[in-house]
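Subject: Structure for you to look at

Hello,

Here is the structure I promised to hand over. My notes follow it.

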Amino acid sequence: MADKISTRQAYGDALVKLGREKKDIIVMDADLSKSTMTAGFKAEFPDRFFNAGIAESNMMGMAAGLALSGKTVFASTFAMFAAGRAYEIIRNSIAYPKANVKICATHAGITVGEDGASHQCIEDLALMRVIPGMTVIHPADAVSTEKLLRQIAEEEGPAYVRLGRLSIPVLYDENTPIELGRGNCVRDGGDATVIACGLMVNEALMAAEKLEKEGISLRVIDMHTIKPLDEEIIVKAASETKAVITAEEHSVIGGLGSAVAEVIVKKCPVKMAMVGVQDRFGQSGKPPLLMEEYNITAKDIVSAVKDTLNSL
Amino acid sequence: MAINVEMLKEKARDIRIDIIREVCSAGSGHPGGSLSAADIITYLYFEEMNIDPKDPDKKGRDRFVLSKGHAAPALYAALAERGYFPKETLLTLRQIGSILQGHPDRKKVPGVDMSTGSLGQGVSAAVGMALADQIDGTGARVYSVLGDGELQEGMVWEAAMAAAHYRLSNLTIFVDHNGLQIDGKNEDVMTVAPVAEKFESFGWDVQKIDGHDFEQIAQAVEKAKKVADRPQAIIAETVKGKGVSFMEDQAGWHGKAPDEKQAKQAVEELGGEW
């Protein structure tokens, strides 16, 4: 687990490979190709890369037009400007007409760091998963990023892929099966379950190590696909363990926690807790310090698990 | 080039009558802007575009994006008249279960290439389609009709910049310049003038025409097709509610359906039978 790679880097690398394999892939960016890592694709396939300039709305509209003319389009910018600024274009010009556009949004969450709240999108999972027919993915490491990208490239229709700026540990190897729409149980346990996405999967694994020393057995599920959500694995966890705790680098309103809660209340009521950003904006700072400030570290997961189990 | 003006006039008249019937039967909708765009849409569907109603998804076809999606009744009438779906379907406009949504849904209506309705977005998709044709070298053309009020959407100018940047000479847009929008005259709501100069300064080829004169529409399209290095905007001066005396030049008929008595009068004025 020594390797650390950002999911945006994994995305950039995967795009180049996909570009070699599939000639119909077009990549668009909005003047951020060096940050979103689409620059690699641009260098190798200049004829299939189109910059929209600093105009995210038009980028999404053009992406829709390209897709409806037979292209598989990957459109990238920061999560804030994709899910935020271009929301209605994604809704009306991509999702509603069912255009084959993969919105790959980087720099999601508060670990953008020093740029501060204007660039820290903590609402995108909520905004994207509420759109009918939108596939929503938030990978936990570089390996699963490529595996999931390959799968959405094969599927016709719109998808939102949430990617991070920060270098994070590689959790999987090439042989780990990662299936779109199926949560991945990365650690088995019987006392409580943490369902996490993105870089919080690693935090959950660290929390599990700590809790094990205290005699608490934690199950950890990587819920890389927020939509369509793997209800089966949630129901199983809720029936086999005593509590479900969600962990996400996103607002606790509307994101993974809410999605899991929607299943839990309907199908298998069990005590829940949500680790995530509590209804507040981010701020500038170094990512690890921000994670502490916003209570989204392994330590916070440990507390949430213990508090929840103690309240039973 | 020789066009059959009489045939086009007849088609446009039928389309206008259908617009009135559609909107009246729906009890809501947008007759004013549908009637103003009717001649342009007639020209594209009956004279210009390489399309096949028997094979709506034909490869290499020309494409049309109704960026002012609220003029759907005009588009639906043209599609039905071309045989994409039965004319009876027109009277199901805006009813539950109908393929004819209040604004066009490409998934439901054969012949509709882009779902529109939220202003400013259709033209952006048209830019993407033109780019796809340029990449593939299909030789196909993309047409779009925008409202003049729609030009107030900033996204139109993002799209205009991109179309010029990528030298999309296969893209022709019409601005249906009837001067009116829901709240009144363009210049009272939000000045859009000077429209031609704006597009010129964005790097487009620009022509100004009478949008109800088929000879002028034809000449403008032929000239636009010869432009090799930039997208083309045809600013079509039109009359909102064109062809129906009590609707002409009335902002109030932007989004209001005629009752049966009014519809009867409108259809008769247009030379049809109620």
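**Domains of chain A**

In this predicted model, the C-alpha centres of domain 1 of chain A and domain 2 of chain A lie 25 Å apart. The domain assignment puts domain 1 at 4-169 and domain 2 at 184-310. Domain 1 of chain A brings 28 residues to the contact, and domain 2 of chain A brings 29. On the domain 1 side, four elements give two or more residues each: α7 (124-129), β6 (135-137), α8 (142-154) and β8 (167-169) of chain A. By class, that side of domain 1 holds 14 nonpolar, nine polar and five charged residues.

**Contact between the chains**

Next, chain A against chain B. The contact takes 23 residues from chain A and 21 residues from chain B. On the chain A side, α4 (56-68) and α6 (87-95) each supply at least two residues. Helix α4(A) gives the largest share, with nine residues. The chain A side divides into eleven nonpolar, nine polar and three charged residues.

**Strand β2 of chain A**

Strand β2(A) covers residues 25-29. Four of its five residues are buried, so to speak of it as mostly covered is fair. It has two parallel partners among the strands named here. With β4(A), residues 72-78, β2(A) pairs over five bridges. There, Ile26(A) stands opposite Val73(A). With β3(A), residues 49-51, β2(A) shares three bridges. In that pairing, Asp29(A) has Asn51(A) as its bridge partner.

**Helix α9 of chain B**

Which residues of α9(B) are buried? In this helix, residues 260-269, they are Ala263(B), Ala266(B) and Val267(B). Seen down the helix axis, the buried residues fall within an arc of 95°, so they line one face of α9(B). What do the buried residues of α9(B) pack against? Their partner is α1 (5-26) of chain B. On the other side of α9(B), Lys261(B) and Glu268(B) are exposed. Just after the helix, Gly271(B) takes a positive phi of about 95°.

**To take away**

Three places to open in the viewer:

- The domain contact in chain A, with 28 residues from domain 1 and 29 residues from domain 2.
- α4(A), which gives nine residues to the side of chain A that touches chain B.
- α9(B), with its buried residues on one face and Lys261(B) and Glu268(B) exposed on the other side.

Best wishes

Methods. Residues numbered from 1 in each chain as written. Chains lettered and ligands numbered in written order. Predicted model: local features only at pLDDT ≥ 70, side-chain atom pairs only at ≥ 80, totals over all residues. Buried ≥ 20, exposed ≤ 12 C-beta atoms within 10 Å, placed from the backbone. Arc of directions from axis to C-beta. Contact = placed C-beta atoms within 7 Å. Domains from an automatic or database assignment. Nonpolar A, V, L, I, M, F, W, Y, C, P; charged D, E, K, R; others polar. Pairing = 2+ DSSP bridges.
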